[in-house]
Amino acid sequence: MTVTPAADPCVGNLATPVNSGYFIKALINNLPFYRAGISPNFRGLETGAAFGYLLYGPFTICGPLRNSEFSATAGLLAAIGAVHILTLLFLLYNQPGKQPHIPMADVTIDNPPSDLFTRTGWADFTSGFWLGGCGGAVFAWFLCGTLHVSTLLNLAGGVWSVG
């Protein structure tokens, strides 16, 4: 496969084996942001749950309270705080006078969801992201509180301890 312009050669969007290959197209088109047939609220819920779940670990293991008995609670609060900051940024993206930018179909994304890129769709995505992000962080906190996972968490936290 060669590198060719996708449409207009002046735009700079090239069809390469990386962005137009079958595996990458299937992977990106199956992400909740681009998956067909789901509502903007569910897109936000699924994306937020993944972010909240994945943010909990670094804040707990690498945070400033990692060597105290409050590391799990501090990680939970930090992950929820990060979700709140991301939600605020999504709200600010929806505030200017124009509608959110609607991406065009290209070599990677066959059919971008048109219902997401409206003021109402983006507001639904944002509320779903907040709920999913907070829920994902709380789920990770509960999961790390179990006996088997807390032992692994203590081992991982000991790697970064000083002295």
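In which helix is L89 found? In this predicted model, L89 belongs to helix α3, and a good way to read the structure is to place that helix among the other elements before returning to the residue itself.

The protein chain contains 5 helices and 2 strands, and from the N terminus on these elements follow the order β-β-α-α-α-α-α, so that the two strands precede the helices, as this order shows by definition of numbering from the N terminus. Of the 163 residues in the protein chain, 29% are buried. The chain exposes about 10100 Å², and carbon and sulfur atoms supply 72% of that area. When contacts between residues at least 6 apart in sequence are considered, 62% of them join residues at least 24 apart.

The interior is best approached through the largest nonpolar core, which has 12 residues, namely Y56, I61, L76, A79, I80, V83, F129, C134, A137, A140, C144 and L153. Two or more residues of this core come from each of the helices α2 (40-62), α3 (71-93) and α4 (119-144), and α4 gives the most, with 5 residues. L153, also a member of the core, touches T60, I61 and C144, when residues up to four places away in sequence are not counted; of these contacts, I61 and C144 are themselves listed in the core.

Helix α2 deserves a separate look. It has 23 residues and reaches 33 Å from its first C-alpha to its last, which is close to the 33 Å expected at 1.5 Å a residue. The buried residues in α2 are P40, R43, G44, T47, G48, G52, Y56, T60 and I61, and in reading such a list it helps to recall that an α-helix has 3.6 residues a turn, so residues three or four places apart point the same way.

Turning from the interior to polar pairs, the structure holds 2 salt bridges. In one of them, R35 pairs with E46, the closest N and O atoms being 3.0 Å apart; R35 sits in the loop between α1 and α2 while E46 is in helix α2, and the pair links distant parts of the chain that are 11 residues apart. E46 has 28% relative accessibility and therefore counts as partly exposed.

The other salt bridge joins D110 to K25, with the closest N and O atoms 3.3 Å apart. Because D110 lies in the loop between α3 and α4 and K25 in helix α1 (residues 22-29), this pair ties together parts that are 85 residues apart in sequence. D110 is partly exposed, with a relative accessible area of 47%, and K25, at 23% relative accessibility, also counts as partly exposed.

The loop between α3 and α4 also holds T108, which counts as buried because its relative accessibility is 10%, under the 20% limit for that class. Leaving aside residues up to four places away in sequence, T108 touches N19, K25, I28 and N29, so K25 is a residue that T108 contacts and that D110 meets in a salt bridge.

The path now returns to L89 in helix α3. At 49% relative accessibility this residue counts as partly exposed, because the exposed class requires over 50%. L89 is one of the residues I85, L88, L89, L91 and L92, which form a nonpolar patch on the surface with about 490 Å² of accessible area together. Helix α3 thus gives two or more residues to the nonpolar core, and L89, in that helix, takes part in the nonpolar patch on the surface.

Key. Residues are numbered from 1 along each chain as its sequence is written. This is a predicted model: local features need pLDDT of at least 70, side-chain atom pairs count only at pLDDT 80 or more; totals for chains, interfaces and linings use all residues. Side-chain values use heavy atoms; hydrogens and water are left out. A nonpolar core is a set of buried Ala, Val, Leu, Ile, Met, Phe, Trp, Tyr and Cys residues joined through side-chain atoms within 4.5 Å. Buried means under 20% relative accessible area, exposed over 50%, partly exposed in between (1.4 Å probe, protein chains only). Helices (H or I, at least four residues) and strands (E, at least two) are DSSP runs, numbered from the N terminus. Contact means heavy atoms within 4.5 Å. Patches are made of residues with over 30% relative accessible area and no salt bridge: like charges are joined within 9 Å, nonpolar side chains (Val, Leu, Ile, Met, Phe, Trp, Tyr) within 5 Å. Accessible areas come from the Shrake-Rupley method with a 1.4 Å probe; for residues, only the protein chains shown count as cover. A salt bridge is a side-chain nitrogen of Lys or Arg within 4 Å of a carboxyl oxygen of Asp or Glu. The expected span of a helix is 1.5 Å times one less than its number of residues.
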